[in-house]
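Work through the exercises below with the sequence and the model open side by side. Each task is followed by a solution that goes step by step.

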Amino acid sequence: MKRTLLSGIAILLVAVCASAKSLVLELNDGTLVYYLLGGETNPVLRFDGDEVMVDADKYAFTDVAKFFISEEDQPTAIDGKPAEAQTEMKDGQLYVSTQETVAIYTTDGRLVSRARQAGKGRSVVDASQLVAGVYVVRYGKKSFKFVKR
């Protein structure tokens, strides 16, 4: 009976995960952490005492608001470079021409900054506090790579 139940759960998970793209952890501060599914190896989610572990990453159980399987691509997917007129870097501020919410993620999917509205259909992100590296800027269903030097 136990073996049949476990087999049924495994088959159900395979069916659900067939269309899934990412395992997502939503932290209490609003950060979404994505783990890609369907690659050569899938992430392993474990619970150990007061910790939630995904592969080698550890989170305090009290810091995780929820976790779920997403059918959408992870935010670090890059759709292409937007037209130059849509973005501008000035005095450590990244301006993006959009009314949509703009967020900056590290290449491993961690949210590091959100934009505020700057008026005239533009959002501004304070990039001056970011360490040098590659980031992904995402708004709506668009995303592009941003290099902080």
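The side chains of Arg 110 and Asp 108 meet in a salt bridge with N to O at 3.3 Å, where a salt bridge is a side-chain nitrogen of Lys or Arg within 4 Å of a carboxyl oxygen of Asp or Glu. The model is predicted, so that local features need pLDDT of at least 70 and side-chain atom pairs count only at pLDDT 80 or more, while totals for chains, interfaces and linings use all residues. Residues are numbered from 1 along each chain as its sequence is written, and side-chain values use heavy atoms, with hydrogens and water left out.

**Exercise 1. Salt bridges**

Task: Starting from Arg 110, find which residues are linked with Arg 110 in a network of salt bridges.

Solution. Step one is the contact with Asp 108 already given, and step two adds Asp 57, with which Arg 110 forms a salt bridge whose closest N and O atoms are 3.7 Å apart. Arg 110 lies in the loop between S9 and strand S10 (111-114) and Asp 57 in strand S5, so this pair ties together parts that are 53 residues apart in sequence; helices (H or I, at least four residues) and strands (E, at least two) are DSSP runs, numbered from the N terminus. Asp 57, Asp 108 and Arg 110 are thus linked in a network of salt bridges.

Step three asks about cover, for which buried means under 20% relative accessible area, exposed over 50% and partly exposed in between, with a 1.4 Å probe and protein chains only. Arg 110 is partly exposed at 28% relative accessibility, Asp 57 is partly exposed at 28%, and Asp 108 is partly exposed with a relative accessible area of 44%.

Step four completes the count, which comes to three salt bridges, one of them between the side chains of Glu 26 and Lys 66 (3.8 Å, N to O). This pair links distant parts of the chain, with Glu 26 in strand S1 (residues 22-27) and Lys 66 in strand S6, 40 residues apart. Glu 26 is partly exposed at 24%, and Lys 66 is partly exposed at 45%.

**Exercise 2. The aromatic cluster**

Task: Determine how the rings of Phe 47 and Phe 61 are set against each other, and then do likewise for Phe 47 and Phe 67.

Solution. The rule is that rings of Phe, Tyr and Trp (its six-membered ring) pair if their centres lie within 6.5 Å, planes under 30 degrees apart counting as stacked, over 60 as edge-to-face and the rest as tilted. By this rule the count comes to three aromatic pairs. The rings of Phe 47 and Phe 61 have centres 6.4 Å apart and planes at 75°, so the pair is edge-to-face; Phe 47 is in strand S3 and Phe 61 in the loop between S5 and S6, 14 residues apart. For Phe 47 and Phe 67 the centres are 5.8 Å apart and the planes at 45°, so the pair is tilted, and Phe 67, in strand S6, is 20 residues from Phe 47.

The three residues Phe 47, Phe 61 and Phe 67 form one aromatic cluster. Phe 47 is partly exposed at 47%, as is Phe 61 at 48% and Phe 67 at 40%.

**Exercise 3. Strand pairing**

Task: Establish the order of the strands in the open sheet that holds S4, and find the bridge partner of Val 54 in S5.

Solution. Two strands pair if DSSP finds at least two bridges between them. Three strands form an open sheet in the order S3-S4-S5, with antiparallel pairing, and the edge strands, S3 (45-48) and S5 (57-60), each pair on one side only. Strand S4 (residues 51-54) and S5 pair over four bridges, and the bridge partner of Val 54 is Asp 57.

**Exercise 4. A hairpin and its turn**

Task: Describe how S13 is paired with S14 and what stands in the turn.

Solution. Seven bridges join S13 to strand S14 (residues 142-148), and the two run antiparallel, with Arg 138 opposite Ser 143. S13 and S14 form a hairpin with two residues between them, and Gly 140 in the turn has a positive phi of about 55°. Finally, strand S13 (residues 133-139) is mostly covered, since five of its seven residues are buried.
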